[in-house]
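Subject: Two-chain model, handover and findings

Hello,

Here is the structure I promised to pass on. My notes follow below it.

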Amino acid sequence: MDAIEIKISSNPKYLKILRSTVYHLARVCGFSNKEGNALTVAVSEAAANIIKHAYKNEKDKPIFMSCRLLDDRLEIVLRDSGIKTDVEKIKSRELEDVKPGGLGVHIIKSTMDVVIYDNSSKDGNQLTMAKYLPGKK
Amino acid sequence: MIKVNITEKDSATILEIYGEVDLYSSPEVRKVLLQLVNDETAVIIVNLNNVTYIDSSGVATLVEGLQEMGKYSGKLKLTNLRDAVRHVFELSSLDKVFEIHNTLEDAMRS
């Protein structure tokens with residue numbers, strides 16, 4: 001199985017490590033520079049949301065990222081053990097509503113082909129994101 | 001690490017940012033920007049030429065600056081956006097909200 005697993009602390013200074021991994025993995029998988037950048041932003045936004053919402057900006061909590069290259073897609077899963085997110089309340093804000101904040105979910109949903117929030121496990125949350133490989137959609 | 005330089009040129013204040021603007025570094029940018037806003041700086045040009053990455057917290061910081069400046073009819077302009085940075089503004093449809101210029105000279109002239 002083609003997979004990468006990384007665990008970082010919930011300190012925002014480590015977000016760039018996730019970004020670097022995702023960008024290079026996307027390029028290895030055949031995504032363009034632009035697509036790689038977009039995937040990078042989406043995953044970083046998702047991890048930032050974990051820090052802000054699941055961990056309330058605590059810096060020493062675990063964030064797990066696992067990436068799998070499947071036949072038709074690159075799948076990226078983020079897991080945390082923080083406060084459970086109310087899946088029903090996760091939504092993109094209206095873009096006409098120009099205000100600071102609330103853009104992360106919109107960016108994730110605009111970029112990824114698959115976005116699944118799951119808080120059914122005993123602890124924390126899991127977000128599965130996937131992007132179909134070039135020519136596989 | 002993020003670095004923010006402030007220079008004055010003609011009647012504009014140029015805020016030049018170096019590095020990645022994300023959840024970690026955007027508070028520093030916000031602090032500098034809002035200080036200029038508190039001083040009611042008339043024109044701020046944010047030069048993003050050396051910004052290699054920006055996330056929603058960075059964009060939100062600029063939105064906040066834009067809105068606060070609007071209260072005293074100040075102008076916030078952006079210039080020299082790299083493709084990856086411009087893409088984030090486009091994704092959030094904020095490329096239509098900001099005054100964005102290709103070059104610093106264009107921003108100075110407008």
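The axes of α2(A) and α3(B) come within 10 Å of each other and cross at roughly 55°. That angle makes α2(A) oblique to α3(B). The crossing is right-handed. Please keep in mind that this is a predicted model.

Which residues meet where α2(A) passes α3(B)? On the α2(A) side they are A:Lys34, A:Asn37, A:Ala38 and A:Val41. On the α3(B) side they are B:Asp83, B:Ala84, B:His87 and B:Val88. By class, this contact has 4 nonpolar, 2 polar and 2 charged residues.

**The interface as a whole**

The two chains touch through 19 residues of chain B and 22 residues of chain A. On chain B, α2 (56-70) and α3 (83-91) each supply at least two residues of the side that touches chain A. The most comes from α2(B), with 6 residues. By class, the side of chain B that touches chain A has 9 nonpolar, 5 polar and 5 charged residues.

**Chain A**

Chain A has 3 helices and 5 strands. Along the sequence they run β-α-α-β-β-α-β-β. Of its 137 residues, 34% are buried. Take the contacts in chain A with a separation of 6 or more: residues 24 or more positions apart account for 64% of them.

Helix α2(A) also packs inside its own chain. Residues 33-54 form α2 of chain A, and residues 104-111 form α3 of chain A. The two helices pack at an angle of about 140°, with their axes 9 Å apart. That makes α2(A) oblique to α3(A). Here the crossing is left-handed.

From α2(A), the contact with α3(A) uses A:Ala38, A:Leu39, A:Val41, A:Ala42, A:Glu45, A:Ala46, A:Ala48 and A:Asn49. From α3(A) come A:Gly104, A:Ile107, A:Ile108 and A:Thr111. These residues divide into 8 nonpolar, 3 polar and 1 charged.

Compare the residue lists for α2(A). A:Ala38 and A:Val41 appear in the contact with α3(A). A:Ala38 and A:Val41 also appear in the contact with α3(B).

Two loop residues of chain A are worth a look.

- A:Tyr14 sits in the loop between β1 (3-9) and α1 (15-28) of chain A. It has 17 C-beta neighbours inside 10 Å, so it counts as partly exposed. Leaving aside neighbours within four places in sequence, A:Tyr14 is in contact with A:Ile8 and A:Ser9. A:Tyr14 and A:Lys59 are 45 residues apart in sequence, and their C-alpha atoms are 10.0 Å apart in space.
- A:Asn57 lies in the loop between α2 and β2 (62-69) of chain A. Its phi is positive, about 70°, although A:Asn57 is not a glycine. Is A:Asn57 buried or exposed? With 12 other C-beta atoms within 10 Å, A:Asn57 is exposed.

**Chain B**

Chain B has 4 helices and 5 strands. The order along the sequence is β-β-α-β-α-β-α-β-α. The radius of gyration is 12 Å, close to the 13 Å that the globule rule gives for 110 residues, so chain B is as compact as a globular protein of that length. Along its principal axes, the C-alpha trace spans about 30 × 25 × 25 Å.

Of the 110 residues in chain B, 44% count as buried. For contacts in chain B with a separation of 6 or more, 71% are between residues 24 or more positions apart.

Chain B has a positive phi to check as well. B:Ser73 has a phi of about 60° and is not a glycine. B:Ser73 lies in the loop between α2 and β4 (75-79) of chain B. How many C-beta neighbours does B:Ser73 have inside 10 Å? There are 8, so B:Ser73 counts as exposed.

**Where to start**

Open the view on α2(A). One contact of α2(A) is with α3(B), in a right-handed crossing. Another is with α3(A), in a left-handed crossing. Then go to the two loop residues with positive phi, A:Asn57 and B:Ser73.

Best wishes

Key. Residues numbered from 1 in each chain as written. Chains lettered and ligands numbered in written order. Predicted model: local features only at pLDDT ≥ 70, side-chain atom pairs only at ≥ 80, totals over all residues. Contact = placed C-beta atoms within 7 Å. Nonpolar A, V, L, I, M, F, W, Y, C, P; charged D, E, K, R; others polar. Axes fitted to C-alpha atoms, helices over the stretch in contact; angles between N-to-C directions. Parallel < 35°, antiparallel > 145°, perpendicular 65-115°, else oblique. Left-handed = near helix turned anticlockwise from the far one by under 90°. Rg over C-alpha atoms; globule rule 2.2 N^0.38 Å. Buried ≥ 20, exposed ≤ 12 C-beta atoms within 10 Å, placed from the backbone.
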